[in-house]
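User: Please take a close look at the surroundings of the ligand in this model, and then at the aromatic contacts of the protein. A connected account would be preferred to a list.

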Amino acid sequence: MALNDNRIMIVGVGGAGCKIVSKLHDTVPSGPRTAVISTDSKALSGSSVPARIQIGSVQTGGLGAGGNPEIGNQSALDDAEMLRGLFSDVGIVIVVAGLGGGTGTGATPVVLDMARERGALTICFATRPFNFEGHHRSKVADEQIEKLAKSSDMLIMLSNDLMLEFISEANMGEAFAKVDDIVINGICAVWMMVARPGLINLDFADLQRVVQNSEGVCVFGYGDARGSERGKEAVRQILDSPLLEKGKTLEKAKALLVSIIGGHDMLIRDVDEVIKKIREKASADAEFFMGTIMDEDWKDRLTVTVIAAMEWSIPEEKGKEPSERKEVKSQSGGRKGKQNKQGNLDFSAFPDKGRFKGMGGTIMNGEDLDIPTYYRKGIEIGK
Ligand SMILES: Nc1nc2c(ncn2[C@@H]2O[C@H](COP(=O)(O)OP(=O)(O)OP(=O)(O)O)[C@@H](O)[C@H]2O)c(=O)[nH]1
Ligand SMILES: [Mg+2]
């Protein structure tokens with residue numbers, strides 16, 4: 001049974017999550033319901049999504065969680081009632097976040113828990129930071145993966161670094177924009193899978209069967225082609241996709257779910273080609289689910305999405321990136337020996353920051369002056 005669009009909600013959490021969901025909202029306005037959640041009032045005001053929820057304004061003064069997931073987490077807990085209210089009468093919630101910062105990393109498990117409390121099934125799309133962002137961000141992300149897998153019915157991870165092959169000449173903005181588009185494609189495929197009746201149906205029970213094989217973590221890849229050779233081309237893209245490690249993921253996967261979207265002109269020959277090639281590559285023991293969806297907008301087009309259940313392993317870092325080397329150098333002042341690292345005071349241990357009971361913070365021009373200036377402005381203090 002396909003689910004009514006109104007019972008599906010796509011929620012972006014933190015800067016990256018808000019951006020991706022806002023883009024999705026702008027490109028597919030007739031799509032499912034959307035909402036954005038952040039500690040950062042600027043990220044919210046820049047979004048065209050009507051449901052914008054600011055969390056943790058007491059903690060953060062509307063300025064973001066400063067890269068601290070504990071602040072992101074506490075912000076969501078402080079406003080848990082508001083989050084719970086968002087999920088009334090929702091069947092499936094798809095939560096999207098970029099891991100590595102404070103809000104997306106820390107608040108997403110709470111958002112998922114609130115959706116579950118209201119009886120919704122939860123899918124989480126999360127990205128792991130690029131290595132060029134520095135080791136700290138990857139570590140923050142990796143520490144959260146297990147928790148996210150527990151809080152969601154299905155966790156779909158996208159490792160940004162797998163994209164570098166596609167985008168090696170791109171600047172940073174273009175690299176993130178490419179990741180946005182990939183995540184949007186993945187979300188749309190999952191949404192159509194559960195919301196559109198297909199000729200060969202896939203439903204949430206199939207998605208869950210895939211997850212049961214994955215200890216909660218899946219990866220995805222897709223191919224999208226037009227023209228008379230669209231079947232061949234779409235499956236070629238899947239087998240070559242860096243997202244699926246050029247087919248290696250298909251060999252390793254314990255379960256695979258293949259969704260094919262096409263127009264009313266979809267040919268059996270094309271479906272056959274796609275399924276045959278993917279099955280050839282997959283392990284003989286892998287559980288296999290497939291479905292087809294017809295949509296009038298897909299005339300002369302075929303989109304194939306593969307969701308693969310995996311044992312998640314942290315991608316290897318290919319050496320230290322320049323930004324990181326620079327950071328180490330500036331800390332050591334060019335000298336050998338012990339390197340001192342500037343730490344951040346963990347405000348989450350002092351949620352009221354010494355305020356008198358019932359008093360608000362000192363907020364001026366949207367800035368919480370109780371938070372030290374260097375911390376608010378993200379300034380690293382030199383030695
Ligand atoms: N796809 C995509 N990813 C982004 C973008 N901006 C940041 N990211 C990724 O998301 C991670 C988290 O960044 P943000 O979402 O900005 O952080 P946040 O959750 O708002 O956390 P705080 O700002 O600390 O409150 C980064 O480390 C990047 O890997 C973006 O525009 N698009
Ligand atoms: Mg932010």
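Analyst: The account below begins with the ligand shell and then turns to the aromatic side chains.

The model is predicted. Around ligand 1 there are 23 residues, and those that come nearest are Lys19, Gly67, Thr103, Gly104 and Glu133. Sorted by class, this shell has 12 polar, 7 nonpolar and 4 charged residues. Three polar contacts may be described individually. Two involve the protein backbone: a polar backbone atom of alanine 16 is 2.7 Å from an oxygen atom of ligand 1, and a polar backbone atom of glycine 67 is 2.6 Å from an oxygen atom of the ligand. The third involves a side chain, with an N or O atom of aspartate 180 lying 2.6 Å from a nitrogen atom of ligand 1. On its own, ligand 1 has 640 Å² of accessible area, and the protein covers 85% of it. The elements that contribute two or more residues to the shell are helix 1 (14-27), helix 6 (103-117) and helix 9 (172-195). Helix 1 gives the most, with 5 residues.

The aromatic contacts come next. The structure holds 3 aromatic pairs. In one of them, phenylalanine 125 and phenylalanine 220 meet edge-to-face, with 5.7 Å from centre to centre and 80° between the planes. This pair links distant parts of the chain, as phenylalanine 125 belongs to strand 5 (residues 121-128) and phenylalanine 220 to strand 7 (residues 217-226), 95 residues apart. Both phenylalanine 125 and phenylalanine 220 are buried.

Another pair, formed by phenylalanine 130 and phenylalanine 132, is stacked: the centres are 4.7 Å apart and the planes stand at 10° to each other. The two partners fall into separate accessibility classes. Phenylalanine 130 counts as buried because its relative accessibility is 0%, whereas phenylalanine 132 has a relative accessible area of 22% and is therefore partly exposed. The cut-off that applies here is 20%, under which a residue is buried. Phe130 and Phe132 also belong to one aromatic cluster together with Phe176.

A further ring is in contact with a charged side chain. Arginine 279 lies over the face of phenylalanine 288, at 4.1 Å from the ring centre.

Technical notes: Residues numbered from 1 in each chain as written. Chains lettered and ligands numbered in written order. Predicted model: local features only at pLDDT ≥ 70, side-chain atom pairs only at ≥ 80, totals over all residues. Heavy atoms only, no water. Phe/Tyr/Trp six-rings, centres within 6.5 Å; stacked < 30°, edge-to-face > 60°. Helix = DSSP H or I, 4+ residues; strand = E, 2+ residues; numbered from the N terminus. Buried < 20%, exposed > 50% of the residue type's maximum accessible area, 1.4 Å probe, protein only. Lys NZ or Arg CZ within 6 Å of the ring centre and 35° of its normal. Near = heavy atom within 4 Å. Polar contact = N/O pair within 3.5 Å; in protein donor to acceptor, adjacent residues only side chain to side chain. Areas by Shrake-Rupley, 256 points an atom, 1.4 Å probe, with all protein chains shown as cover. Nonpolar A, V, L, I, M, F, W, Y, C, P; charged D, E, K, R; others polar.
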